[in-house]
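Good morning, colleagues. Please have the sequence and the structure open while I speak.

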Amino acid sequence: MTYQFAAALVRSLGGRLREVRLDRVIEGAYAATVEVEGPHGVALVDARCSDALNLAVLMDARIFAAPDVLADCTGRQEGDSAEAGVLQRALTAGPMTISPVEG
């Protein structure tokens, strides 16, 4: 629900999400830059990749990845480590649907 709230907040302020750039690796974690356009111009906002990607999907924004981020991700998929196994399964998994829990 947080991402829906963030998307609604951007829209209600007259803005739109122009693009998300997965542009760096910091201490083993991926970081992103979110480009937002509003009535006062364009702003760049630092974000965790997961947050930026979720918002991009909800707001139909373009997503770009830097070559070094892609290379790091590819490297993490190789080998027999637990992390490689998780990444390999995630990349081959089918689409998911998240539904609210009733009760």
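I shall take the strands, the core, the salt bridges and a surface patch in turn.

Please bear in mind that this is a predicted model.

Let us begin with the strands. β1 and β2 run antiparallel and are joined by nine bridges. Within this pairing, V20 stands opposite V34 in β2. The two strands form a hairpin with two residues between them, and E27 in the turn has a positive phi of about 50°. β1 also pairs with β4, residues 62–65; here the strands run parallel, with four bridges. One partnership in that pairing is E19 with R62 in β4.

I turn now to the core. Which residues have the most contacts inside the largest nonpolar core? They are L17, V20, L22, A32 and M59, in a core of 15 residues. At least two residues of this core come from each of α1, β1, β2 and α2. Of these, α2 gives the most, with five residues. As for L22, if we leave aside its neighbours within four places in sequence, its contacts include A31, A32, C49, L53, I63, F64 and V69.

Next come the charged residues. Side chains of opposite charge can pair when their charged atoms come close. The model has eight salt bridges, and I shall present three.

The first on my list is R18 with E35, whose closest N and O atoms are 3.0 Å apart. Because R18 lies in strand β1 and E35 in strand β2, this pair ties together parts that are 17 residues apart in sequence. R18 is partly exposed, at 26% relative accessible area, whereas E35 is buried, at 10%.

E19 and R62 form another salt bridge, with the closest N and O atoms 2.9 Å apart. This pair links distant parts of the chain, E19 in strand β1 and R62 in strand β4, 43 residues apart. E19 counts as buried at 10% relative accessibility, and R62 is partly exposed at 48%.

R24 and D46 also meet in a salt bridge, at 2.9 Å from N to O. R24 lies in strand β1 and D46 in strand β3, so the pair ties together parts that are 22 residues apart in sequence. R24 is partly exposed, at 23% relative accessible area, while D46 counts as exposed at 59%.

R18, E19, R21, E35 and R62 are linked in a network of salt bridges.

Finally, the surface. F5, L9 and L13 form a nonpolar patch there, with about 320 Å² of accessible area together. L9 sits in helix α1, residues 2–12, and is partly exposed, with a relative accessible area of 38%.

How values were computed:
Residues numbered from 1 in each chain as written. Predicted model: local features only at pLDDT ≥ 70, side-chain atom pairs only at ≥ 80, totals over all residues. Heavy atoms only, no water. Patch = residues over 30% accessible without salt bridge, like charges linked within 9 Å, V, L, I, M, F, W, Y side chains within 5 Å. Areas by Shrake-Rupley, 256 points an atom, 1.4 Å probe, with all protein chains shown as cover. Salt bridge = Lys/Arg side-chain N within 4 Å of Asp/Glu carboxyl O. Buried < 20%, exposed > 50% of the residue type's maximum accessible area, 1.4 Å probe, protein only. Core = buried A, V, L, I, M, F, W, Y, C linked by side-chain atoms within 4.5 Å. Contact = heavy atoms within 4.5 Å. Pairing = 2+ DSSP bridges.
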